[in-house]
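Q: Can we go through this one together? I'd like to start with the strands and then move on to side chains.

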Amino acid sequence: MPITTRILFGIMMNRFALVLAIFATWSLSALSDDWPEFLGPGGAARSSDTVPSEWSESQNLKWKVDLPGIGSSSPIVVGDQVLVTCYVSQQDASKRQLLAFDKTTGRQNWSLDFPIDYREDPYQGYITEHGYASNTPVTDGTNVYVFFGKGGVHSVTLDGKRNWSVDVGKESSNRQWGSAASLILFEDSVIVNAAEEAVSIISLDKATGKENWRQEAGMLELTYGTPRIVHLDSGESELVISVPGEIWSMNPVTGKLKWYAQSPMTGNVSPSVIVDGETVYSFGGYRASGSIAVAAGGKDDVTDSKVLWTNRSSSYVATPLLHQGRFYWIDDRGIAYCTSADDGEVIYRDRVGNLKSGRPVYASPVLIGDLIYVVTRRSGTFVYKPGDSFEPMAQNVFTDDESDFNATPAVSDQRLYLRSDQSLYCVAKS
């Protein structure tokens, strides 16, 4: 090759590499703006974005749209869309809906109906607290995957076309409290906690909906949390979930049990497990019976070898936020907690003032920038700094909306997305 040709070729390759680097940086930046699942990327419940700490109907409200039905599921954000599910009660035929809105303007792009032609659990007991649309969707950036309990799992394109639908069970727990767990993705599979519908954990092929594996176990009854993935330094992965009385680790490829540990969480377990590196934390039980930390990577019964600590401090509904070695949350009785990730000991436990009666909090905390945001059901959103004491900076209330705010918020591109039983809101700096 002549030297001039080699020089020109080298220049072209350098420019090509620069273009690839720019494209990769842009792609990672675009991906980081997505909030693709319950509690955000990886379930970490944190965003480096900055959003307003104060808002109302007249301050920092970018847009608001009324929803056709109620729901406790969280919004997710993918690309330029916000997606959310609803339960629409009608005399002739009730249905669930998946709706997509432009994340900048709030304009509705499309909606997809899922008719209810089967018998749901009666609207009584705890179902009246969270309703029939409690499972948060998950997206891989190409499709969105939706779980509607007895209504099955569905794959939908980002322009609202149905790919496939799969029935994962029509059973009910002995309490008939309804479905609550959200989907997660692992490689080419969708993982479903169908404890309520089939007393099973199920893996489905993302492309077809075909069942990869199913693990059925009676101990799954009253397991409402979302499972998580642990990525070990060895290169292996574990699927972890907290069930009443134990924590399980499964092989996400085969569904085979890898290890288990006894836990203090008896009764129903609602919070999702929290993964930090190779450590798994769990809270819950009835009535907020305990918490536990377990080192992942074990085999068979690891109760004596891998349990790092157990404690009586706990959350009943919300999944605590792990930040700089501490857990933060406000429980469903209106108590603000901070505990140590080293041993579970309480750092502070303070009664939150100015809360309406009933169960005041269902949503989980989210760290946005350096502030914690906790949505209450009927008393607005508290904003406060992590630290040694609970000192709210703001309590933001939409006075025109008296419905329940059960959903954990989503964050994307310097915007905060809140949903109530009545509306979907976008909060951003004016």
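A: A note on naming before we start: strands here are DSSP runs of E with at least two residues, numbered from the N terminus. Also, this is a predicted model.

Q: Fine. Where does Arg287 lie?
A: Arg287 is in the loop that runs between strand S20 (279–284) and strand S21 (290–295). A cis peptide bond joins Tyr286 and Arg287, with omega at about -10°.

Q: And what is the phi of Ala288?
A: Ala288 has a positive phi of about 50°, although it is not a glycine. Ala288 also belongs to the loop between S20 and S21. It counts as partly exposed because its relative accessibility is 22%, and buried would need under 20%.

Q: What about Asp413?
A: Asp413 is not a glycine, but has a positive phi of about 55°. It lies in the loop between strand S32 (410–412) and strand S33 (415–419), and at 33% relative accessibility it is partly exposed.

Q: Switching to S30. Which residues cover its two sides?
A: S30 spans residues 381–384. Thr381 and Val383 are on one side, Phe382 and Tyr384 are on the other, and all of them are buried.

Q: In what sense does S29 pair with S30?
A: Strand S29 (residues 371–375) and S30 are antiparallel, with four bridges. Tyr373 has Val383 in S30 as its bridge partner. The hairpin of S29 and S30 has five residues between the strands, and there Gly380 takes a positive phi near 85°.

Q: How many bridges between S30 and S31?
A: Four, again in the antiparallel sense, with strand S31 covering residues 392–396. Phe382 stands opposite Gln395 in S31.

Q: Asn396 is in S31 too. Buried or exposed?
A: Buried, because its relative accessibility is 5%. The Asn396 side chain reaches the backbone nitrogen of Trp55 at 3.0 Å.

Q: What else is Asn396 in contact with?
A: Leaving aside neighbours within four places in sequence, its contacts are Ser53, Glu54, Trp55, Gly380, Thr381 and Val383. Thr381 and Val383 are the residues on one side of S30.

Q: New topic. How many disulfides?
A: Zero. Take Cys86: the closest cysteine sulfur, in Cys426, is 17 Å from its own, so the two are too far apart for a bond. Cys86 is buried at a relative accessible area of 0%, and Cys338 also counts as buried, at 0%.

Q: How many aromatic pairs?
A: A search of the whole structure gives 18. One is Trp177 with Tyr224: the ring centres are 6.3 Å apart and the planes are at 35°, so that pair is tilted. The pair links distant parts of the chain, 47 residues apart: Trp177 is in the loop between strand S10 (162–166) and strand S11 (184–186), Tyr224 in the loop between strand S14 (211–216) and strand S15 (228–231). Trp177 is buried at 14% relative accessibility, as is Tyr224 at 8%.

Q: Stacked or tilted for Trp329 and Tyr337?
A: Stacked, at 4.9 Å centre to centre with 10° between the planes. Both residues are buried. They belong to one aromatic cluster with Tyr281, Phe283, Trp309 and Phe327.

Q: Last one: which ring does the charged end of Arg377 sit over?
A: The ring of Tyr362, 4.3 Å from its centre. Elsewhere, Lys170 lies over the face of Tyr118, 5.1 Å from the ring centre.

Technical notes. Residues numbered from 1 in each chain as written. Predicted model: local features only at pLDDT ≥ 70, side-chain atom pairs only at ≥ 80, totals over all residues. Heavy atoms only, no water. Buried < 20%, exposed > 50% of the residue type's maximum accessible area, 1.4 Å probe, protein only. Pairing = 2+ DSSP bridges. Polar contact = N/O pair within 3.5 Å; in protein donor to acceptor, adjacent residues only side chain to side chain. Contact = heavy atoms within 4.5 Å. Disulfide = S-S within 2.5 Å. Phe/Tyr/Trp six-rings, centres within 6.5 Å; stacked < 30°, edge-to-face > 60°. Lys NZ or Arg CZ within 6 Å of the ring centre and 35° of its normal.
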